[in-house]
Structure formats: structure tokens, C-alpha cells
Amino acid sequence: MRDGAYDVAIAGGGPAGAAAAIVLARAGWRVLLADAGAVHRPGAASFKVGEGLPPSARHLLRELRALDRVIADDHRVSHGTLAFWGSDAAHANDFMFQLHGEGLQLDRQRFDASLLAVAQAAGADIVRDAKLALAAQADGADIHRLTLRSNDASAFVENRIIESRIIETRWLIDASGRPATLARALGATRIQHDALLAFHMRLAADDDSDRDGRTWVEAVDNGWWYSVLLPSRERLVAFLCDADLVDRRPLLTRAGLWAALARAPRLCAHCHAHGYVPSSQPFGAAACSSHLVRAASDADRWLAVGDAALAFDPLSSKGISSALYSGLRGAQAIIECGNGDTGALSRYADHLLEIHRVYREQLIAFYGMEQRWPASDFWKRRAADTVDLRAASAAQARQALEKQPAGCG
């Protein structure tokens with residue numbers, strides 16, 4: 001192969017991109033992964049949100065031969081969930097009694113770095129602080145031409161030259177997250193199902209009295225909160241709401257988000273009982289459900305994985321496990337296609353659509369359990385989704401009965 005030519009180029013160095021790189025590199029494919037790194041803004045470099053690893057994700061890490069390394073990274077054990085949802089009573093779910101055992105509250109930067117290290121050890125070329133963008137079609141019809149460009153924002157401040165080079169690849173994987181930049185540039189359509197936003201902030205205390213390693217979830221009149229105890233001994237609190245129903249400005253200040261926590265009385269009381277105070281600047285991030293109409297194209301030799309393909313509401317706790325799963329299965333689909341299985345990518349794309357359909361049904365049903373604020377616009381929207389789901393289910397049942405042969409029981 002020519003210098004700068006690869007079998008697969010992966011845009012994105014999160015769990016999905018790293019998982020795909022591990023599988024492909026171990027199969028002997030020449031892999032380039034461009035990791036854009038942390039967003040360059042004050043306070044963001046030392047923390048990355050997306051910290052919950054459910055117990056069911058352990059088997060995916062085991063399949064990647066990365067579980068032992070992740071366990072050795074000293075993340076905090078997660079014992080289960082404590083939810084105030086649908087009533088004022090607490091609902092506890094203890095991971096101890098589940099098949100896969102305990103979950104983890106991750107140091108996400110450390111977790112992502114470990115997966116990239118496994119990919120590099122497998123033979124993948126990892127380029128840090130860089131992004132891939134479509135350049136032009138190469139001479140061969142089956143070749144993608146891409147620009148690999150530095151993502152170092154400090155270069156603009158210091159008036160330094162941004163390095164870039166052209167690379168060529170037979171396959172392209174979009175693991176760039178919710179924006180799905182490359183997939184959409186290649187013609188994919190992204191469907192967004194809601195306008196959910198997350199405002200998150202870290203809290204710190206002078207002592208180490210808080211030992212509750214469960215994920216707290218508490219519904220409020222205009223959204224819901226979650227909180228976890230981080231490996232850094234800080235506590236993360238996050239408020240989930242619809243973008244058009246809140247004033248974002250106060251929620252992006254320490255005082256404003258801290259004051260909003262009072263609407264979640266049980267979580268607020270827990271934080272005050274342990275002497276927590278805000279220790280970081282709040283940040284906002286998209287938390288909506290979305291998916292690509294088609295997450296792969298065998299004709300154009302690309303596919304999407306992770307949030308670029310399917311993005312989940314944090315309530316589902318599916319983000320990281322889905323990223324690992326889609327990265328694994330997407331890489332395997334490319335390998336199968338390379339071995340002559342022309343239907344592999346279509347099956348992959350269809351499978352992701354089915355995952356998203358089931359997820360949407362489960363999410364709508366879970367939101368439908370909360371009935372305490374029927375006049376709230378946030379909850380009225382979720383109630384409308386529940387009505388639509390029931391109507392669709394009834395219609396499907398009627399269609400099934402109409403197709404049933406006469407005389408069948």
C-alpha cells in the first residue's frame with residue numbers, strides 16, 4: 001500500500017471508535033483512528049461526562065480483551081440505582097443480584113485512554129487531537145480521500161500553522177458522536193426525537209463521608225436529575241430538561257444550577273448532608289435520542305457506530321454499552337463484507353434500527369410511569385409519546401389479527 005493509505009479510517013476516539021479499531025487491527029487490517037480529544041475550553045480538559053458503565057457491558061469488554069485493563073484502572077464500583085420516579089418512595093435496584101455483577105462509575109478520560117492503548121497495541125495507528133474530513137474522491141471508485149487535520153485550538157491563539165495531510169482509505173467509520181459529521185456529509189439523514197439537554201456540574205466536600213456508590217435518579221416537575229459518585233471522590237449532579245422549556249443562562253452558572261437542585265429534595269438533602277459545594281463550572285450538552293435512517297452503505301463503503309449511529313437518553317444507561325457493541329459489530333460487518341458477504345452491512349444497519357425501535361418503546365414506557373405533574377409541558381410531551389406508542393401497538397395487534405387465517409385459535 002502507498003504511504004498514507006489505509007484499509008479503514010475511523011473518525012472518533014471514544015469507546016465505539018476504539019472498539020472498532022481493536023477488532024479490525026487484530027484481524028490484520030491497516031487502521032487509522034483520529035481522536036479529536038477533549039473540547040478545548042476552560043474546565044473541560046480534566047473531566048469528561050458519560051461515566052456510568054452498566055454491568056452488562058463487562059462481557060463486551062471481555063470480548064475486546066480489555067476488561068482486565070479497565071478493572072485495573074481503579075474506577076469506582078457502582079452498586080446499583082436508587083430512583084425516586086413515579087412516587088415519593090425510593091426504588092432500589094441492587095446490581096449484586098444481577099447476572100453480570102457490579103457496574104462501574106468511570107473516570108471517562110482514563111477509560112477512553114485505556115481502550116485506545118489496547119487498539120494501539122493491536123496495531124492501529126492512533127493520531128491524537130486530530131479530525132478527519134472528506135476531501136475528494138480518489139482515482140479509484142472504492143477509495144475515500146480524507147483530510148487529517150490537527151484539532152489543537154491553541155494553534156489559532158498562538159498563530160501557529162495547523163498541520164494537515166491527505167490520507168486514503170478503502171473504508172470509513174464515523175464514530176464522531178451525535179453530530180455524525182462524516183455520515184451526514186456522505187448523504188445519511190439524522191432523525192432527532194426530542195430536545196433533551198443535560199446540565200452537569202461536579203461537587204466536592206471536605207471529608208469523605210459519602211460512600212453511596214449507587215446512581216441516584218429523581219424526577220422533578222420540569223425534568224429529572226441524576227447523580228453519581230466519581231472516582232475523584234467528587235459527586236456529579238446533572239439536570240435533564242427540554243431545551244425550549246428552560247432559561248439556559250442561570251443553569252450555566254454554579255449558583256444557578258446549585259439553586260435548581262433544590263427542586264430535587266432527596267438528592268439535594270443528600271448533597272447538603274455530606275457538605276458538598278460546587279467545584280466545577282457547569283456545562284451543557286445534548287442528551288437527545290437520535291438515529292441515522294441508514295447507518296451503513298456498502299456501495300459507498302462506510303458505516304456509523306456509537307452515538308453517530310444511535311444516541312440514547314441518559315435515562316436508559318445504554319450509551320457506553322451501545323458504543324462498545326456497535327463498534328464491535330460494525331467492525332465485524334466490514335470484515336465479513338471484505339470476505340465476500342455482500343449483505344453484512346445491510347444486516348448491521350437493520351439490526352441497529354431494531355435496537356433503536358425497542359429502546360424507544362422501553363424509554364416511552366419508563367417515562368410513562370411518572371404521572372405526578374400532568375400539567376407540566378415536559379411530562380405532557382412524554383405522556384403524548386405514551387399515547388402514540390399504545391395506539392401504534394393496538395394498530396399492530398389489529399393488523400396481526402386481520403392477517404390471521406380463519407379458524408386459528
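**Exercise 1. The hairpin of β5 and β6**

Which residue takes a positive phi in the hairpin of β5 and β6, and how many residues lie between the strands?

Solution. The model is predicted.
Step 1. Locate the two strands: β5 covers residues 80-84, and β6 covers residues 91-94.
Step 2. Look between them: the hairpin has six residues there, and glycine 86 takes a positive phi near 90°.
Step 3. Check the pairing: β5 and β6 run antiparallel and are joined by four bridges. Leucine 82 stands opposite alanine 92 in β6.

**Exercise 2. The other partner of β5**

Find in which sense β5 and β14 pair, and over how many bridges.

Solution.
Step 1. Strand β14 is made of residues 215-220, and β5 pairs with β14 in the parallel sense over four bridges.
Step 2. One position in this pairing is threonine 81, which stands opposite threonine 215 in β14.
Step 3. Turn to the cover of β5: four of its five residues are buried, so the strand is mostly covered. Buried here means under 20% relative accessible area.

**Exercise 3. A sheet of three strands**

State the order of the strands in the open sheet that holds β3, β7 and β4, and identify its edge strands.

Solution.
Step 1. The order is β3-β7-β4, and the pairing is antiparallel.
Step 2. The edge strands are β3 (52-53) and β4 (76-78), since each pairs on one side only.
Step 3. For the pairing of β4 with β7 (residues 103-105), count three bridges. Arginine 76 stands opposite glutamine 105 in β7.

**Exercise 4. Positive phi outside glycine**

Most residues other than glycine have a negative phi. Describe where aspartate 129 and serine 317 are found, and how exposed they are.

Solution.
Step 1. Aspartate 129 has a positive phi of about 50°. This residue is in the loop between β8 (125-128) and β9 (130-134).
Step 2. With a relative accessible area of 34%, aspartate 129 is partly exposed.
Step 3. Serine 317 has a positive phi of about 55°. Its loop lies between β22 (310-311) and α10 (319-338).
Step 4. Serine 317 is partly exposed as well, with a relative accessible area of 47%.

**Exercise 5. The whole protein**

Give the numbers of helices and strands, and the share of residues that count as buried.

Solution.
Step 1. There are 12 helices and 22 strands in the protein.
Step 2. Of its 409 residues, 48% count as buried.
Step 3. The protein exposes about 19,000 Å², of which carbon and sulfur atoms supply 53%.
Step 4. Among contacts between residues at least 6 apart in sequence, 72% join residues at least 24 apart.

Key: Residues are numbered from 1 along each chain as its sequence is written. This is a predicted model: local features need pLDDT of at least 70, side-chain atom pairs count only at pLDDT 80 or more; totals for chains, interfaces and linings use all residues. Side-chain values use heavy atoms; hydrogens and water are left out. Two strands pair if DSSP finds at least two bridges between them. Buried means under 20% relative accessible area, exposed over 50%, partly exposed in between (1.4 Å probe, protein chains only). Contact means heavy atoms within 4.5 Å. Accessible areas come from the Shrake-Rupley method with a 1.4 Å probe; for residues, only the protein chains shown count as cover.
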